[in-house]
Amino acid sequence: MNADRHRISRRTFVRGVGAAAAVGAATAVGLKLRGSEPQPWDPAAFPPPDESHVAVLRASSYDGDLVGVVLDGLRAIGADVAGARVLLKPNLVEYDRGSAINTDPRLVHAAVTAMRSMGAASVAVGEAPGHRRDTRFVVEASGLADTLQDAKAEFVDLNISPAAPVPLHSRYTAMGALWLPTAITEADVVVSMPKMKTHHWAGITLSLKNCFGCLPGRVYGWPKNALHWQGIERSILDIAGAVRPSLAIVDGIVAMEGNGPIDGTPKDVGLVIIGDDPVAVDATTSHIMGFDPDEITYLKEAGRFLGTSDLSRIQVRGEDPDAVVTPFAPAPGFDGLGATAVGGQ
Amino acid sequence: MVASEIVDALLARSRAGDGGFGSVPDAESEPESTALAAIALADDNAVDWLLRAQRADGSFGIDAGGVASDDTALTCLALPDGPALEHALDHVESTSGANAVGGPGAPPYGWSWTIGAHGWTEPTAWGVLALRQRRPTATSRIDDGLAALRARACVGGGWNYGTPESFDVEQPPFVQTTAIALLATMGIDDPLTASGHRMLHDRWRDEDAGFLSLATAAAALRVLADPDADEAAALVEQRASATPELGTIALAWASIALGEGLRALDAS
């Protein structure tokens with residue numbers, strides 16, 4: 001993608017879906033759009049994209065050749081980070097020993113190494129934990145600090161790093177603008193690196209929801225309750241539309257099911273999912289988790305303007321998603337989600 | 001140069017040309033960083049910046065599109081007596097978090113991070129502390145804030161960001177939020193303070209890898225006259241200059257823990 005994360009050409013635009021039909025579908029699953037604005041985004045900011053590519057790769061443990069896995073995935077989707085300033089955004093909402101809350105530091109280390117070997121000009125790692133104001137504690141306790149020291153990679157505390165208001169080009173919330181760290185806005189390539197988890201407010205949390213952690217708590221609080229008041233699903237759409245990750249790398253080696261994103265149960269899945277369209281990555285991952293992406297309200301809506309959620313339009317490399325479906329226990333309040341899963345047994 | 005002066009020198013690197021303090025060196029001045037630094041350093045230029053940054057409704061914060069952060073209560077602890085302080089206190093007294101833990105429309109409310117959202121631990125602690133220190137006649141709001149802190153206390157004592165239980169699962173307390181909440185409760189709610197103090201005394205070392213957690217713990221332990229207070233302060237001194245990329249808030253807490261700024265936060 002060569003240093004332009006705002007380029008939209010990687011996404012596939014679903015031309016056949018009429019706005020009215022899409023609005024009806026969204027309303028049916030609970031995301032009520034503004035009646036006067038059936039298309040709450042600026043088309044010039046979200047032009048029709050090209051194809052979406054997703055690679056599904058096996059990785060049975062964190063002790064294997066994760067650099068090779070990430071490189072295989074990046075090459076399979078045709079990623080080009082040569083000369084780019086890359087910011088990796090893992091999910092580190094808080095720390096609890098023995099849990100599967102956070103993106104594993106070993107996968108982050110592998111991503112740093114892979115990006116460098118593909119010619120990235122710089123690679124930094126940034127996060128604004130949502131529950132803990134003391135980011136350094138989370139980074140130290142989780143082992144990420146040692147990992148990054150070993151990799152000689154910079155960590156950016158997005159809770160305190162310089163930030164500025166950025167106008168929104170979508171209007172799912174009434175926020176109008178977001179206060180975003182310059183580490184995000186000035187990066188050429190932002191890579192969302194979520195943990196594969198269920199979520200008791202949003203159904204699932206993957207590369208789109210992970211963008212919440214780009215917003216500084218010193219503006220939005222701990223937790224970022226202001227975003228919940230705007231509607232979590234609406235906020236996911238506006239924030240992901242502003243952050244616009246170019247790439248996504250999902251930690252599905254050990255995932256979390258049930259009462260995620262904090263108190264769920266670790267689940268061995270043994271997969272890493274990598275793609276150049278976060279919507280397509282999340283849709284594919286949702287399918288692998290046994291959840292129909294069309295039943296994930298915000299994900300279906302994101303498929304209208306931000307990327308491709310239609311599984312039939314995603315170019316998949318590596319493992320066949322149907323062959324690696326691993327049904328997850330849904331989060332509380334989402335009990336019916338798995339029952340309608342595409343391919344979910 | 002003594003240790004507290006080293007911390008103050010590190011903190012001073014975040015002072016902007018306009019007299020305020022950014023969240024890190026070279027960042028633009030912001031109310032929260034400036035207020036805490038003003039308390040730590042007794043910095044008149046920082047106070048002048050705050051006086052210029054007051055919103056028309058008396059509040060302080062960052063306006064981020066449709067979201068407005070609210071740092072007014074903390075800022076009240078940095079302002080001198082006068083109309084600006086009274087205007088800010090009026091805002092603190094008249095605003096509250098949306099119903100947080102008592103069900104729709106039911107108290108207690110506490111105070112929120114952003115105007116119009118739920119009340120949470122840290123902003124509620126600042127609300128209680130600000131009114132106790134600068135407008136103690138506001139008893140109903142102080143009582144509401146204390147009730148909110150009681151409702152948000154974790155089982156066994158202490159506080160996290162404000163969720164003692166989530167989907168029938170008890171959530172653990174954090175050192176940093178417990179330390180700040182204790183500054184608000186000490187001297188006015190002995191049982192709540194005692195349970196939080198036990199948690200802080202028992203666990204502050206578990207989270208001392210985080211400098212902000214360590215610095216806030218050192219401040220609270222000092223006010224509580226805890227036997228670990230000197231040990232915590234020594235660790236703050238030791239790590240302040242050895243820990244890279246500390247933000248203004250963390251350094252301001254370190255300065256407060258070691259210096260005279262703690263007086264402004266001591267309501268005991």
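Select residues 195-199 of chain A, strand β8, together with residues 247-257, strand β10, in this predicted model. The two strands pair in the parallel sense over two bridges. To see one pairing up close, show A:Lys197 and its bridge partner in β10(A), A:Met256.

Keep β10(A) on screen and add strand β7, residues 189-193 of chain A; two bridges join these strands, which run parallel. Here A:Val191 has A:Leu247 of β10(A) as its bridge partner.

Next, add strand β11, residues 265-275 of chain A. It pairs with β10(A) in the antiparallel sense, over nine bridges. Look for A:Glu257, which stands opposite A:Thr265 in β11(A).

Now turn on the surface and look at β10(A) again: is this strand mostly covered or mostly open? It is mostly covered, with ten of its eleven residues buried.

Move on to where chain A meets chain B. Select the contact residues: 32 come from chain A and 40 from chain B. The two chains bury about 3100 Å² between them, and 59% of this lies on carbon and sulfur atoms. On the chain A side, pick A:Arg133, A:Arg136 and A:Arg218, which lose the most area to chain B and together make up 21% of what that side buries.

Stay on A:Arg133 and show B:Glu32: their side chains meet in a salt bridge, 2.9 Å from N to O. Four salt bridges are found across this interface, along with 13 residue pairs in polar contact. To finish, colour the side of chain A that touches chain B by class: 17 residues are nonpolar, seven polar and eight charged.

How values were computed. Residues are numbered from 1 along each chain as its sequence is written. Chains are lettered from A and ligands numbered from 1 in the order in which they are written. This is a predicted model: local features need pLDDT of at least 70, side-chain atom pairs count only at pLDDT 80 or more; totals for chains, interfaces and linings use all residues. Side-chain values use heavy atoms; hydrogens and water are left out. Buried means under 20% relative accessible area, exposed over 50%, partly exposed in between (1.4 Å probe, protein chains only). Helices (H or I, at least four residues) and strands (E, at least two) are DSSP runs, numbered from the N terminus. Two strands pair if DSSP finds at least two bridges between them. Contact means heavy atoms within 4.5 Å. Buried area is the accessible area (1.4 Å probe) that two parts lose on being put together, summed over both. A polar contact is a pair of N or O atoms within 3.5 Å; within protein, one must be able to donate a hydrogen and the other to accept it, and residues adjacent in sequence count only if both atoms are side-chain atoms. Ala, Val, Leu, Ile, Met, Phe, Trp, Tyr, Cys and Pro count as nonpolar, Asp, Glu, Lys and Arg as charged, and the others, Gly among them, as polar.
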